[in-house]
Amino acid sequence: KQWYQRRVRGHIKKKKPAITQLNAHAPGSWISAVAGLKNTECFISGSNGGNVKIWACAVNYRSMECIKSIEVMGTVNSIVVAADNSCFALGVGQEHKMGRWWSNKDARNKILLYPIALEDEVDR
């Protein structure tokens, strides 16, 4: 697997991911949003299946582990983390933000706020 990163002058450099996690969310679910926590080795991912996971990178960044999982109703379209890492906000909707490939009529378009307490859970 490879991904591409655009550099400042417009050149494209080919790189490989440091970590790959198969079926990070439910099989068949897309990861639709990702956000990192500043000055930590943790990040948050959300899927179209309504699953939000907080991940921690292991030593040497060769693996990652899920330290918390949250279920929400709908597709997670965006994740924003507060500047002090005290909480994060989720933008959740009936449909994916880029198209109408599927729709969950039971879900409602909304913003959800969750506190973050990682001090006791991750000590790296």
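# Burial, sheets and contacts

Biologist: Of the 124 residues of the protein, what share counts as buried?

Modeller: This is a predicted model, in which local features need pLDDT of at least 70 and side-chain atom pairs count only at pLDDT 80 or more, while totals for chains, interfaces and linings use all residues. Residues are numbered from 1 along each chain as its sequence is written, and side-chain values use heavy atoms, with hydrogens and water left out. Buried means under 20% relative accessible area, exposed over 50%, and partly exposed in between, with a 1.4 Å probe and protein chains only. Of the 124 residues, the share that counts as buried is 37%.

Biologist: How much of the accessible surface of the protein belongs to carbon and sulfur atoms?

Modeller: Accessible areas come from the Shrake-Rupley method with a 1.4 Å probe, and for residues only the protein chains shown count as cover. The accessible surface of the protein comes to about 8,500 Å². The part of this surface that belongs to carbon and sulfur atoms is 50%.

Biologist: Which pattern does the protein follow when read along the sequence?

Modeller: Helices (H or I, at least four residues) and strands (E, at least two) are taken as DSSP runs and numbered from the N terminus. The protein has zero helices and nine strands. Read along the sequence, the pattern is therefore β-β-β-β-β-β-β-β-β.

Biologist: In the open sheet of four strands, which are the edge strands?

Modeller: Two strands are said to pair if DSSP finds at least two bridges between them. The four strands form an open, antiparallel sheet in the order S3-S4-S5-S6. Pairing on one side only marks the edge strands, which are strand S3 (31-36) and strand S6 (64-71).

Biologist: By what angle, on average, are neighbouring strands of the sheet S7-S8-S9 turned against each other?

Modeller: The three strands of this open sheet pair in the antiparallel sense, in the order S7-S8-S9. Strand S7 (75-81) and S9 each have a single partner strand, so one side of each is left without a neighbour in the sheet. Axes are lines fitted to C-alpha atoms, for helices over the stretch in contact, and angles run from 0 to 180 degrees between N-to-C directions. With direction ignored, the average turn between neighbouring strands here is 25°.

Biologist: Which residue in S8 is the bridge partner of Ile79?

Modeller: S7 and S8 run antiparallel and are joined by six bridges. In S8, the bridge partner of Ile79 is Leu90.

Biologist: How far apart, centre to centre, are the rings of Phe43 and Trp55?

Modeller: Rings of Phe, Tyr and Trp (its six-membered ring) pair if their centres lie within 6.5 Å, and planes under 30 degrees apart count as stacked, over 60 as edge-to-face and the rest as tilted. The structure holds two aromatic pairs, one of which is Phe43 with Trp55, stacked with 15° between the planes. Phe43 lies in strand S4 and Trp55 in strand S5, so this pair ties together parts that are 12 residues apart in sequence. Phe43 and Trp55 are both buried, and their centre-to-centre distance is 6.4 Å.

Biologist: What is the relative accessible area of Tyr114, the partner of Phe88 in an aromatic pair?

Modeller: Phe88 and Tyr114 are stacked, at 5.6 Å centre to centre and with 25° between the planes. Phe88 lies in strand S8 and Tyr114 in strand S9, so the pair ties together parts that are 26 residues apart in sequence. Phe88 counts as buried because its relative accessibility is 1%, whereas Tyr114 is partly exposed, with a relative accessible area of 22%.

Biologist: With the side chain of which residue does the side chain of Asn51 make a polar contact?

Modeller: Asn51 belongs to strand S5 (residues 51-57) and is buried, with a relative accessible area of 11%. Contact means heavy atoms within 4.5 Å, and, not counting residues up to four places away in sequence, Asn51 touches His25, Ser45, Gly46, Ser69, Ile70, Glu71 and Val76. A polar contact is a pair of N or O atoms within 3.5 Å; within protein, one must be able to donate a hydrogen and the other to accept it, and residues adjacent in sequence count only if both atoms are side-chain atoms. The side chain of Asn51 makes such a contact, at 2.5 Å, with the side chain of Glu71.

Biologist: The backbone oxygen of which residue does the side chain of Gln94 reach?

Modeller: Gln94 lies in the loop between strand S8 (87-93) and strand S9 (110-115), and counts as buried because its relative accessibility is 18%. Among its contacts beyond four places in sequence are Thr75, Trp102 and Arg108. At 2.9 Å, the side chain of Gln94 reaches the backbone oxygen of Ala107.
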